[in-house]
Amino acid sequence: MGIYELLGSVADVRKGSNACDFNGYLEDYLDTLEEDSNILPALKALFEIDNDSRVIVNLRTGVSKDSISNQIIRYKDIFKLENEAIVSPYIIYTKKEEQEKALLLVNDEYIYAKGIYYCLTEPSGAFQDVKNDIVAIDDRNVEEVCDTYKKMFTKRAGQIQRELDSTRFKDYDASYEHALEISNAISENLFDNLKTVENKDRFIRECICKWFLIKKFVYVQYMVNKNILNTRHEGNVKAQRNQAKQNADSIRFVSIAEMRKGSKENIA
């Protein structure tokens with residue numbers, strides 16, 4: 001089953017499903033958005049390129065306990081969340097002749113997009129068999145989003161993804177430093193934010209998911225880098241894995257128990 005058929009088979013809330021919020025033609029979804037929606041410019045531009053494209057919004061998928069990388073990362077809080085923990089904000093998908101392609105789009109950090117991609121396409125992931133037909137991107141530059149969408153039909157997904165990586169980070173070390181920054185930023189004002197957010201449970205859930213995606217990114221991004229394997233670890237995969245684990249472990253977080261306790265104290 002190709003990615004177009006795979007995504008197209010997902011029922012949305014209109015059919016009584018919690019799998020996603022919307023799944024249908026991008027044109028129809030655009031009609032539901034407010035003019036000040038942050039994602040609107042990118043989605044409008046994509047529709048102008050491909051009037052037949054479809055979009056699936058807030059696709060919910062689980063976190064595999066069987067995944068080797070998830071076992072090594074050992075972030076247990078992610079498995080304490082009810083329902084499907086990983087949310088893919090927007091996946092624009094289309095079919096042209098024999099080609100089926102999908103663009104995973106986030107209105108947030110690029111690292112989150114890659115983290116979601118790694119979750120969806122890991123060996124036990126829902127999209128492992130179609131991983132070469134998906135590209136992950138943020139919406140920081142609408143023109144780049146459109147160019148990437150067009151390239152998906154002329155270049156290999158892996159090549160496009162590496163090009164996107166290089167435009168955001170000089171190398172892995174730079175991406176790792178940024179991962180630390182955004183992780184620490186979540187913690188910095190965490191309890192102050194808990195005092196003001198309307199839905200504390202949802203906020204806590206979002207924090208846990210973000211920390212997991214950051215850990216997933218720094219681990220897998222390190223492991224798939226063959227240059228790092230050869231230049232830093234002399235081809236020793238075990239040594240590379242140990243360092244990747246250390247990198248993931250260095251992403252600090254506040255436990256779900258502490259956040260829930262802080263939330264109750266704020267209410268009191």
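Modeller: Two strands are said to pair if DSSP finds at least two bridges between them, and helices (H or I, at least four residues) and strands (E, at least two) are DSSP runs, numbered from the N terminus. This is a predicted model, in which local features need pLDDT of at least 70 and side-chain atom pairs count only at pLDDT 80 or more, whereas totals for chains, interfaces and linings use all residues. Residues are numbered from 1 along each chain as its sequence is written, and side-chain values use heavy atoms, with hydrogens and water left out.

Biologist: Which residue in E3 is the bridge partner of Val57?

Modeller: Val57 can be placed in strand E2, which covers residues 54-61, and E2 runs antiparallel to strand E3, residues 86-96, with 7 bridges joining the two. Within E3, the residue bridged to Val57 is Tyr90.

Biologist: On the E1 side of E2, which residue is the bridge partner of Asn23?

Modeller: Strand E1 (residues 22-25) and E2 run antiparallel and are joined by 4 bridges. Tyr25 of E1 stands opposite Arg54, while the partner that E2 offers to Asn23 is Ile56.

Biologist: Which strands form the edges of the sheet?

Modeller: The sheet is open and has 5 strands, with mixed pairing and the order E1-E2-E3-E4-E5. An edge strand pairs on one side only, and that description fits E1 and strand E5 (134-138). As general background, strands of a sheet pair through backbone hydrogen bonds, either parallel or antiparallel. The edge strands here, then, are E1 and E5.

Biologist: How many residues of strand E2 are buried?

Modeller: Buried means under 20% relative accessible area, exposed over 50%, and partly exposed in between, using a 1.4 Å probe and protein chains only. E2 is largely enclosed by the rest of the structure, because the number of its 8 residues that are buried is 6.

Biologist: How far apart are the end C-alpha atoms of helix H5?

Modeller: Helix H5 spans residues 110-121, and 12 of its 12 residues are buried, including Tyr110, Gly115 and Thr121. The expected span of a helix is 1.5 Å times one less than its number of residues. For the 12 residues of H5 this gives 16 Å, which agrees with the distance in the model, where the end C-alpha atoms are apart by 17 Å.

Biologist: Which helix supplies the largest share of the lining of the largest pocket?

Modeller: On a 1 Å grid over the protein atoms alone, a pocket is an open set of points where a 1.4 Å probe fits, with protein on both sides within 12 Å along at least five of seven lines, and lining residues have an atom within 4 Å of a point. Helices H4 (68-73), H5, H7 (157-168), H8 (172-188), H10 (200-223) and H11 (226-233) each supply at least two residues of this lining. The largest share, 7 residues, comes from H7.

Biologist: Which element gives the most to the lining of the second largest pocket?

Modeller: This pocket is lined by 23 residues, and those nearest its centre are Asn58, Val87, Pro89, Glu206 and Cys209. E2, E3, H5 and H10 each supply at least two lining residues. With 7 residues, the element that gives the most is H10.

Biologist: How far apart in space are Lys238 and Asn58, C-alpha to C-alpha?

Modeller: Lys238 lies in helix H12, residues 237-249, and counts as exposed because its relative accessibility is 60%. Asn58 is among the residues nearest the centre of the second largest pocket. Lys238 and Asn58 are 180 residues apart in sequence, and their C-alpha separation in space is 36 Å.
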